[in-house]
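Work through the exercises below with the sequence and the coordinates open beside you. Each task is followed by a solution that proceeds step by step.

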Amino acid sequence: MKRLTPYLLALPSWMWLAVFLVVPMAAMASVSLQTGNAIDGFAMTFSFSNYADALGRYSTQLVRSLWYGGLATVAMLVIGYPVAYWIAFKGGSRKSVYLFLLLLPFFVSFVLRTISWGFLLADDGVVFGTLKGWGLLPADFHVLATTVAVVGGLTYNFLPFMILPIYVALERVDPRVVEAAYDLYASRTAAFRRVVLPLSLPGVFAGVLMTFVPATADPVNAQVLGGTGNTMIGNIIQTEYLTNLNYPTASALSFTLMAVLLIGIFIYARALGTENVLEAAAR
Amino acid sequence: MSHLHDPAFLRGMTQPRTRREAFRIAGLSAAGLALAACGVQGQKAAPPKADAVKDYWSQQTKHGRVVFANWPEYMPEDQAPLKKFQSETGISYQYKEVIQENAEFFGKADPVLRAGQSLGYDIVVMTNGVQLQHMIQLGYCVALDHSKLPNFAANAGEAYKNRAYDPGSTYTIPYTSGVTGIAYNTKYVKDDITSIEALFDPKYKGRVGMMGDAQEIANFGMIALGVNPEKSTEADWKKAGEKLKAQRDAGIVRKYYDQSYIDAVSKGDIWVSMAWSGDVFQRQLAGEPVKFVVPEEGGTIWTDNMLIPKGAANPVDALMLMDFLYQPAVAAELDEFIQYVTPVPGVQDILKEKAAKATGEDKKALEQMVASPLMFPSEADYAKLHTYTTLSTQQEQVFNPIFQSITQA
């Protein structure tokens, strides 16, 4: 009995995974190989060409999504790491206040936040209207409906998911370890590079995972902030599912996206050495 | 050291499953696969039998509540017509502005209705087009009991009783009609726009808004080529596709919009846009510098229809509300705000009388409404307005990719 206890305790989560992950995935895998239409129904024909067709038609959008997701992740890392570092080491007694301020905008719905960016960045809106009024920008300058707007929106929307894990990792760095580094004649740079940074890598790893995956798959930013050439794979999947009721193509695209992301994560984990990262986290 | 902090344990968690475990997981997936392998059932519905309709309605009772799902900007902000309904009938209402696009709404509703569950709405408003056609074909609409729709019978215009896409108003009755034309921001566009060519004019490079909906944009592509969308063929779609692609590749289009185009054109992000008539009039009343025209080459007229989705909890209350909106006084109040084409012709006289009594600004606004060909089109106006192509499922599979490859490049 005692040996079974951990498994029994894990049972609810396994059930959860089975019902809400495995079954839908299996259903989707099945649908991705079917042919037919929404009115007459779909039937299983093991049509693997669904994948080839979908990729053939939408490879541009898939590659673009990975590119945008990657750009946004890098931007989040560049912005997020210093913020996390500052809160963890310089935040003092007001750490929780800063964390709260960081999360405050996220009490508002994701879509609404993105739409308000649309208002903020309007061609003659609060920001650019004013700057244009002062003659600092040419009259036809605009950010909305460009790649910059979409990547910027992605960066903004997922930023806390980058900052928080890094913050947690940095927060756990024992200040005495850093002190010891200085005692051993490490410069500030060397102490950061050889002590703090490696210790924070688990946070960076988690942060990148938690931002790259949703940013790549996100349809909202491209739809609200993007223009004619900014369609991402999430928008395509949405259209295929909701507008065209082409469930097989939509499922095939979802699986392809998932496969591409999983392979990417695997390579990334290998490159960064997950074992070291996880061991550092467990310490 | 606790188990959880044991690196060896963690390593075990991250190591590959053993082969036996892998098979077990695969087995579970296979069970899921078996569940789904039988395919997604089609639901093609036969026309309703008169007895079945009668039986259905004889079993329904009034519940004293109704949930109305509609499009944004389709009801006065004070919801006066609905409040009046509540005070006259004692039926409390919930009004939800949840429909932004037919395709998106249908896409969300389809799995729910397919599974035989209720949407949670008693009245839904959908435009005539592919999705409404699907709703009817798939048997997602409750056949209406016309004995409970006396106001509709008495007050609806003839054209609104006989609609090709729902003969005999079996499943739907119109909420309102409107015109798709061109809106422009008069702050930036100083010329009077009259032609559809304005949407293709390099002068407005990067300042043109087109609609993301495949049918809407297809219609305008075809009208620009002088093709009547109702009688169009596959060859016409391809030609329209080429024209629209050239327009996009020349950088003329800024973005393919949903309902959000109206904010963009009134803020000045875009200067010229495909637009729905009533939206623009509402913004005009709010003092924004926007103007609406039907291009001289023609525009399209569409009808938004009320229907009761299958599984609705309060069909009797829903039917009462639908009929209530056909009282001329109520229809007039509604139309005065939304400024689309009302299915109740009597509204024009009511607004005329109201204008005669009003003074100042109100009088001017009301007189403009009464005279507006876009609220009360004449026969000649109707002749310039095309309706949508009716597409078969097979045709859709050709039609959609042509235009989506433009809007979602």
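The exercises that follow concern a predicted model, and they move from chain A to chain B.

**Exercise 1. Describe the overall make-up of chain A, and state in what order its helices and strands follow one another.**

Step 1. Counting the elements of chain A gives 12 helices and 2 strands.

Step 2. Read from the N terminus, the order is α-β-β-α-α-α-α-α-α-α-α-α-α-α, so that both strands follow the opening helix.

Step 3. Along the principal axes, the C-alpha atoms of chain A fill a box of roughly 75 × 75 × 30 Å.

Step 4. Of the 283 residues in chain A, 36% are buried, and among the contacts with a separation of 6 or more, 69% are between residues 24 or more positions apart.

**Exercise 2. Determine how strands β1 and β2 of chain A pair, and what joins them.**

Step 1. Strand β1(A) covers residues 34–37 and strand β2(A) residues 41–44, and the two pair in the antiparallel sense over 4 bridges.

Step 2. One of the bridges can be located by residue, since Asn37(A) has Gly41(A) in β2(A) as its bridge partner.

Step 3. The connection between β1(A) and β2(A) is a hairpin through 3 residues.

**Exercise 3. Compare the UniProt annotation of chain A with the secondary structure of the annotated spans.**

Step 1. An unreviewed UniProt entry places the feature "transmembrane region" at residues 65–87, 99–121, 141–170, 191–213 and 250–269 of chain A.

Step 2. Residues 99–121 of chain A are 70% helix and 0% strand, with the end C-alpha atoms 26 Å apart.

Step 3. Residues 250–269 of chain A are 100% helix and 0% strand, and here the end C-alpha atoms lie 28 Å apart.

Step 4. UniProt, again in an unreviewed entry, lists "domain: ABC transmembrane type-1" for residues 62–268 of chain A; this span is 77% helix and 0% strand, and its end C-alpha atoms are separated by 19 Å.

**Exercise 4. Set out the domains of chain B and characterise the contact between them.**

Step 1. Chain B holds 18 helices and 10 strands, and 43% of its 409 residues are buried.

Step 2. The domain assignment divides chain B into domain 1 (50–177 + 302–368) and domain 2 (179–301 + 385–407), whose centres, taken over C-alpha atoms, are 27 Å apart.

Step 3. To the contact, domain 1 of chain B brings 15 residues and domain 2 of chain B brings 17 residues.

Step 4. Sorted by class, the side of domain 1 of chain B that touches domain 2 of chain B consists of 8 nonpolar, 5 polar and 2 charged residues.

**Exercise 5. Which residues touch the most other members of the largest nonpolar core, and which elements and domains contribute to this core?**

Step 1. The largest nonpolar core has 161 residues, and those touching the most other members are Ile123(B), Ile182(B), Leu199(B), Val272(B) and Ala275(B).

Step 2. The element that gives the most to this core is helix α6 (residues 147–171) of chain A, with 14 residues.

Step 3. Each of domain 1 and domain 2 of chain B supplies at least three residues to this core.

Step 4. Ala275(B) can be taken as a single case: beyond its neighbours within four places in sequence, its contacts include Gly181(B), Ile182(B), Tyr261(B), Val265(B) and Phe292(B).

**Exercise 6. Examine the surroundings of strand β6 and helix α14 of chain B, and decide whether Gln327(B) is buried, partly exposed or exposed.**

Step 1. In strand β6 (residues 253–257) of chain B, 5 of the 5 residues are buried.

Step 2. Strand β5 (residues 208–211) of chain B pairs with β6(B) in the parallel sense over 4 bridges, and within this pairing Val208(B) is the bridge partner of Val253(B).

Step 3. Helix α14 (residues 328–338) of chain B has as its buried residues Val330(B), Ala331(B), Ala332(B), Leu334(B), Asp335(B) and Ile338(B), and these pack against α4, β4, α12, α13 and α15 of chain B.

Step 4. Just after α14(B), Gln339(B) takes a positive phi of about 60°.

Step 5. Gln327(B) lies in the loop between α13 and α14 of chain B, and it is partly exposed because 19 other C-beta atoms lie within 10 Å, whereas a buried residue needs 20 or more.

Step 6. Although 175 residues separate Gln327(B) from Phe152(B) along the chain, their C-alpha atoms are 8.0 Å apart.

Notes: Residues are numbered from 1 along each chain as its sequence is written. Chains are lettered from A and ligands numbered from 1 in the order in which they are written. This is a predicted model: local features need pLDDT of at least 70, side-chain atom pairs count only at pLDDT 80 or more; totals for chains, interfaces and linings use all residues. UniProt positions are given in the numbering used here, feature names are shortened, and annotations may be inferred rather than shown by experiment. A residue is buried if 20 or more other C-beta atoms lie within 10 Å of its own, exposed if 12 or fewer, and partly exposed in between; C-beta atoms are placed from the backbone. Two residues are in contact if their C-beta atoms, placed from the backbone, lie within 7 Å. Domain bounds come from an automatic or database domain assignment. Ala, Val, Leu, Ile, Met, Phe, Trp, Tyr, Cys and Pro count as nonpolar, Asp, Glu, Lys and Arg as charged, and the others, Gly among them, as polar. A nonpolar core is a set of buried Ala, Val, Leu, Ile, Met, Phe, Trp, Tyr and Cys residues joined through C-beta atoms within 7 Å. Two strands pair if DSSP finds at least two bridges between them.
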